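User: I would like to go through this structure step by step. Please keep the answers short.

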Amino acid sequence: MEQTRVLRFGAFASFVNVFGVYLIALFFLLLGIALQALGLIQNFISLSNFLNILDNVSLLGIVAVGMAFVTYSGNYADLSVPTTMALTGIVAVEMLRYGFWPAVLAATTVGLLIGLINAVVVGKLKANPIIWTLAVNYVTLGVIRLVWANKQIYPETITDNKEAIGWFDGIFRQEVFSNLFGNPLLDIRLPMVFMVVLVILGQFVLTKTSFGAQLKMTGSAKKAARFSGINVDFVVGMAFVLAAVTAIVGGLAITSLSRTGAYYNGAGYDFRAVTAIVIGGMTLAGGRGSIIGVLGGVLVIGFINNIMTLIGIPTLSQDMIRGLIFIIVVGISAKSLRSLGRDDS
Amino acid sequence: MKLALEMRSVSKRYPGTLAVDQVSLEVQAGEVHALVGENGAGKSTLMKMLAGSFDDYTGEIAINGQVVSLHTPALAKKHGVGMIYQELSLAKPISIAENLLIGRLPTKFGFLDKAKLRSETKYWLEQVGLGLNPDLPVEDISPHEAQLVEIAKVLASNPSILVMDEPTSALSREEVERLFSIIDGLKKKGMAVVYISHHLPEIDRVADRVTVMRDGKKVATKAMSETSRQEIVQMMVGTLKEETHNTAARTPGKEILRIENLSRWGFFHGLNLVGHAGEIVGICGLAGAGRSELARVLVGLDKKDAGKMLIDGREVNITSMAQALRVGIAYLTEDRKAEGLALRMTVGENALVGIIPRHSTAGVYFAKRGHSLLGRLMNELVVSPNDPGRMVGNLSGGNQQKVLLAKWMASEPRVLILDEPTRGVDIGAKMLIHDSIKKLADGGHCILLISSDLPELVGLADRVMIMRKGRFSREMPRSQCTEESVLMAAYEGGV
């Protein structure tokens, strides 16, 4: 009797872990509708607002996909993501003088370099992931502020190469589908497409590749994975490289969209990404959750942001509310794990 | 004679087993009382009971004639039970003095009285023959000294009964002698000592009486002057069970594994071993003899310090488990929960995790390709429930162990090292696992079987290597192996 009860609850819990986040998203959707029905907010229910929500969280979605691999590997989070984004962006702007593609190549190279350093130090040398990536974040920040003298740089002041500037400014503004249903307000821009493609790709890598299967074992039981002949150092390192890859995409996008290379680009993406990942059902203990779930977490954050903005809550208070939500979600997640007797974090 | 400790018909039940069954034990003041038994005989459970680890034992325990309840460690301490464990309980960064007197540090006007702390510590260190500076942090002293400090720490709590669990495992020969003279001194002062050890010569030297346990029950208590090592071993093994297995005469094939002069300093030295196709080589030794350490070096989890390892006559230098699997060596760990299985993952995922690359094409993993293999293995080992989607953590210990074995059967290694393959497993699962091991050997695999389970070793192995203090002390062909002869050899290092 006892056993079946636990099992059922376990199956229910894993269902909630993966799909529960979409129930939460549904809750906020209904909340928004209710608020509009009560006349407290306007313009929530409209296709353009929903596209707007998606557009607003697409950068977060891109970054969260990569970082989710780090969480899944049992290493909590990659806190060097914000300055990885900033550095790739500012390097890209700086290198625009040599053309668009050299700029992208240079930016990718420095971003990957950070990923590789994290991979070696956390994967091979077993440094504490939180402390190490936090340190990398600050060192990178220092480098940016030192090299660019604490200044923002703009494509126009770097080069006269109009074509390169045009490409760089335009690429992430590219409208993949414009004038949907003949409505000039409805369009889907490239970052949103990137997000969806990366989610699908990430989900495929996580569930259908040998790397994903080995990552699951590593995240679930690192020692047992090592004893099974899995190259645990490589697998963990690879997770950090993937986090860097999506941070590069995110960094290029945020820089392109703001037309500015600056040390503060990407600030806050670490915490928001972790929040999305945890709300999305990926537990900090590792080995559980999915990228589809993380997308749900990103959507929930999108709804929350949108509703808060429509109500008129100031940005600073929004941060506090997001922080509170994170605390609640992590608390619930830890408690449900303990009640299942599976809290091994 | 005054009784320092009296246990009257005490029992302790774990779910499913009666670990200690109606045991009575009397220890007099000024007596060293040895407690011996094979692994799983119940002696450590009995001692945990004394240490206050259980709040649900039955029976009565009296200390100095007074019935006491030892339901928490604090109560045990209060009633004067001093425990000295194999593993040290000292905090490394803080000083010897603070370690020794922690919990009742001397104070003066609410401040720490350093002078008193030092002088008191000095006194207790002298009791164990140490002249160390009390201010030294524990991390700066040698492991041997730390072991003696541990003893001083327990003595400083003024126990009336001292329980020592394998106290000599970290000590050199001279230090063992010093420990014995300390014990002799304590004895003269009227201390009652319960001494647990695997080393019969030590017991001969130090004990006045010995109690033998087997399968949770007390077999007998004898004065050391009225018994012999031979008799003690016989009591530990019990009446010999009928030898049912190992009638299949396997003829070993060609050599697969050869190790020459293999050493890992501090664990084992100069080991030589040859393993053939279709052969089960048993490795027997007491805890700490270096058996698991040898296995870990063979599969690249630890580094060797000297010596060679050859597969098919070619020298290999294995530095990781992944590489060991590539050359065909697999290791079934003795710690299935921490090192063997991912308890939150399914039976199927666990069983196939070692051969993910085999079922992948261009990095894409096709788990379905393993399904027929998985079904076959689960049927052969009778994994119950027969459901590959079940979470491993929800299976019984026996079925978990079967999944662990299935994982290595799936990878078809040429050399399979089994470390305690049936520890903590019920009898049905044990028989199925034994059958599978035999089948593997019949199929031409080379099996190294590390086990403390004598019937298992004697029943399965084609020959048994006796390992003692990091060396192979003896090789016994199947014809010479009986439970008694193997145990005798392991305890004595050769008859």
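User: Over how many bridges do β1(B) and strand β4 of chain B pair?

Analyst: This is a predicted model. In it, β4 of chain B covers residues 58-63. One bridge joins B:Glu6 to B:Ala62 in β4(B). β1(B) and β4(B) pair in the antiparallel sense, and the number of bridges is 5.

User: Which residue in β2(B) is the bridge partner of B:Met7?

Analyst: β1 of chain B spans residues 3-14, and β2 of chain B spans residues 17-28. These two strands pair in the antiparallel sense over 8 bridges. In β2(B), the partner of B:Met7 is B:Leu25.

User: What scores does the model carry, and what is the average pLDDT of chain B?

Analyst: The model has an ipTM of 0.85 and a pTM of 0.79. In chain B, 96% of the residues score at least 70. The average pLDDT of chain B is 87.

User: What radius of gyration does chain A have, set against a compact globule?

Analyst: Chain A holds 14 helices and 2 strands. Its C-alpha atoms fill a box of roughly 75 × 55 × 35 Å along the principal axes. For 345 residues, a compact globule would come out near 20 Å. Chain A agrees with that, at 21 Å.

User: What share of chain A contacts joins residues at least 24 apart in sequence?

Analyst: Take burial in chain A as background: 47% of the 345 residues count as buried. Now take the contacts in chain A between residues at least 6 apart in sequence. The share of these that joins residues at least 24 apart is 74%.

User: Which element supplies the largest share of the side of chain A that touches chain B?

Analyst: The contact takes 23 residues from chain A and 22 residues from chain B. On the chain A side, α1 (2-37), α9 (210-220) and α10 (222-227) each supply at least two residues. That side divides into 8 nonpolar, 10 polar and 5 charged residues. The largest share, 8 residues, comes from α9(A).

User: How many residues of helix α12 of chain A are buried?

Analyst: α12(A) runs over residues 269-279 and is mostly covered. Its buried residues include A:Tyr269, A:Asp270, A:Arg272 and A:Ile279. Just after α12(A), A:Gly281 takes a positive phi of about 95 degrees. Of the 11 residues in α12(A), the buried number is 10.

User: Which helix gives the most to the largest nonpolar core?

Analyst: That core has 243 residues. A:Ala64, B:Ile417, B:Ile447, B:Leu449 and B:Val486 have the most contacts inside it. Beyond four places in sequence, B:Leu449 touches residues including B:Ile280, B:Ile283, B:Leu418 and B:Ala461. The helix that gives the most to the core, with 16 residues, is α11 of chain A.

User: Is B:Ile203 buried or exposed?

Analyst: B:Ile203 sits in helix α7 of chain B, residues 200-206. The cut-off for a buried residue is 20 or more other C-beta atoms within 10 Å. B:Ile203 has 21 such neighbours, so the verdict is buried.

User: Which residues is B:Ile203 in contact with, leaving aside its neighbours within four places in sequence?

Analyst: B:Asp419 lies 28 Å from B:Ile203, C-alpha to C-alpha. The two are 216 residues apart in sequence. A contact needs C-beta atoms within 7 Å. The contacts of B:Ile203 are B:Ala34, B:Val36, B:Ser197 and B:Val210.

How values were computed
Residues numbered from 1 in each chain as written. Chains lettered and ligands numbered in written order. Predicted model: local features only at pLDDT ≥ 70, side-chain atom pairs only at ≥ 80, totals over all residues. Helix = DSSP H or I, 4+ residues; strand = E, 2+ residues; numbered from the N terminus. Rg over C-alpha atoms; globule rule 2.2 N^0.38 Å. Buried ≥ 20, exposed ≤ 12 C-beta atoms within 10 Å, placed from the backbone. Contact = placed C-beta atoms within 7 Å. Nonpolar A, V, L, I, M, F, W, Y, C, P; charged D, E, K, R; others polar. Pairing = 2+ DSSP bridges. Core = buried A, V, L, I, M, F, W, Y, C linked by C-beta atoms within 7 Å. pLDDT = per-residue confidence, 0-100.
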